[in-house]
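I opened this entry to keep track of what I looked up in the structure, going from single residues to helix pairs and then to the whole chain.

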Amino acid sequence: MSSARASKMLHDTVARCRELGLRRTWALEELLKRLIANSKPQTLADLAEAPELKDRCDKATIFRLLVRLEKHGILRRLGLHDRSAYYTLIEPGEHSDYLICTQCGVIETLDIACPVEALEARISKESGFKKLYHELEFFGVCPKCL
């Protein structure tokens with residue numbers, strides 16, 4: 001991602017946070033920068049060990065921020081209940097689906113067109129509902145675990 005796009009994304013996300021009543025803090029901005037810089041979903045441990053956050057934020061602060069951002073629809077939490085949760089930034093108007101291995105917990109972005117979009121359009125047309133959305137995670141076993 002270009003630095004101009006990352007900067008705009010950070011600005012827009014901070015603005016969304018402010019609109020939702022969240023305070024603009026150093027920790028919030030650094031956490032958002034880290035999520036924007038890394039396109040793959042990340043765990044609390046991944047984020048807490050990031051050099052930008054490690055020396056200035058404790059794990060509990062990062063966890064509370066993640067929970068608050070998820071509650072306000074800024075982040076999406078992915079994963080299985082018995083494994084570490086992964087977090088990814090929600091971009092308005094964008095949609096990502098994920099493949100999650102039920103054996104090792106690895107998460108990959110699904111790099112094909114969303115298989116539900118055609119169904120969503122049909123439901124919208126037939127029901128009259130607008131602005132439908134879905135969150136989709138596919139569970140299976142990755143090639144390494146077979």
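**Entry 1: T43 and strand β1**

I began with T43, which is found in strand β1, residues 42-43. The model I am reading is a predicted one, and I keep that in mind for every value noted here. T43 counts as buried, because its relative accessibility is 8%, under the 20% that sets the limit for buried residues. I then looked up its partners and, leaving aside neighbours within four places in sequence, found T43 in contact with S84, A85 and Y86.

**Entry 2: the chain as a whole**

Before going on I wanted the overall layout, and I noted that the protein chain has six helices and six strands. Read from the N terminus on, the elements run α-α-β-α-α-α-β-β-β-β-α-β. The C-alpha trace spans about 50 × 40 × 30 Å along its principal axes, and buried residues make up 36% of the 146 residues in the chain. I also looked up how contacts are spread along the sequence: among those between residues at least 6 apart, 47% join residues at least 24 apart.

**Entry 3: T13 in helix α1**

Next I turned to T13, which lies in helix α1. With a relative accessible area of 3%, T13 is buried, since the limit is under 20%. Not counting residues up to four places away in sequence, T13 touches L32, I74 and L89. For one of these partners, I74, I checked the backbone as well: the C-alpha atoms of T13 and I74 are separated by 7.6 Å, although the two residues are 61 residues apart along the chain.

**Entry 4: α1 against α2**

How do the axes of helix α1 and α2 cross, and within what distance do they come? I found that the axes of α1 (residues 3-19) and α2 come within 10 Å and cross at roughly 135 degrees. That makes α1 oblique to α2, because an angle has to be over 145 degrees to count as roughly antiparallel. The crossing in which α1 passes α2 is right-handed.

I then listed the residues on both sides: A6, M9, L10, T13, V14 and C17 in α1 meet L28, E29, L32, K33 and I36 in α2. Sorted by class, this contact of α1 with α2 has eight nonpolar, one polar and two charged residues.

**Entry 5: E29, on the α2 side**

E29 caught my attention in that list, so I followed it up; its place is in helix α2, residues 26-37,. Is E29 buried or exposed? E29 counts as buried, because its relative accessibility is 16%. Its contacts, not counting residues up to four places away in sequence, are with L10, V14 and R24. With R24 I noted something further, namely a polar contact of 2.3 Å that joins the side chains of E29 and R24.

**Entry 6: α2 against α5**

I repeated the helix comparison for α2 and helix α5 (residues 59-71), whose axes come within 11 Å and cross at roughly 75 degrees. The two helices are therefore roughly perpendicular to each other. The residues that meet are A27, L28, L31 and L32 in α2 and I62, L65, L66 and L69 in α5. By class, this contact of α2 with α5 has eight nonpolar, no polar and no charged residues.

**Entry 7: E52, K131 and L146**

I closed with three residues of lower burial class. E52, found in helix α4 (residues 51-54), is partly exposed, with a relative accessible area of 39%. Leaving aside neighbours within four places in sequence, E52 is in contact with W26, E30 and R34. The C-alpha atoms of E52 and R16, 36 residues apart along the chain, are separated by 22 Å.

K131 has its place in the loop between α6 (117-127) and β6 (137-140), and K131 counts as exposed because its relative accessibility is 82%. From K131 to A121, ten residues apart along the chain, the C-alpha separation is 9.7 Å.

L146 lies in the segment after β6 and also counts as exposed, at 79% relative accessibility. L146 and Q103 are 43 residues apart in sequence, and their C-alpha atoms are 9.0 Å apart in space.

Technical notes:
Residues are numbered from 1 along each chain as its sequence is written. This is a predicted model: local features need pLDDT of at least 70, side-chain atom pairs count only at pLDDT 80 or more; totals for chains, interfaces and linings use all residues. Side-chain values use heavy atoms; hydrogens and water are left out. Helices (H or I, at least four residues) and strands (E, at least two) are DSSP runs, numbered from the N terminus. Buried means under 20% relative accessible area, exposed over 50%, partly exposed in between (1.4 Å probe, protein chains only). A polar contact is a pair of N or O atoms within 3.5 Å; within protein, one must be able to donate a hydrogen and the other to accept it, and residues adjacent in sequence count only if both atoms are side-chain atoms. Contact means heavy atoms within 4.5 Å. Axes are lines fitted to C-alpha atoms, for helices over the stretch in contact, and angles run from 0 to 180 degrees between N-to-C directions. Angles under 35 degrees count as roughly parallel, over 145 as roughly antiparallel, 65 to 115 as roughly perpendicular and the rest as oblique. A crossing is left-handed if the near helix is turned anticlockwise from the far one by less than a right angle, and right-handed if clockwise. Ala, Val, Leu, Ile, Met, Phe, Trp, Tyr, Cys and Pro count as nonpolar, Asp, Glu, Lys and Arg as charged, and the others, Gly among them, as polar.
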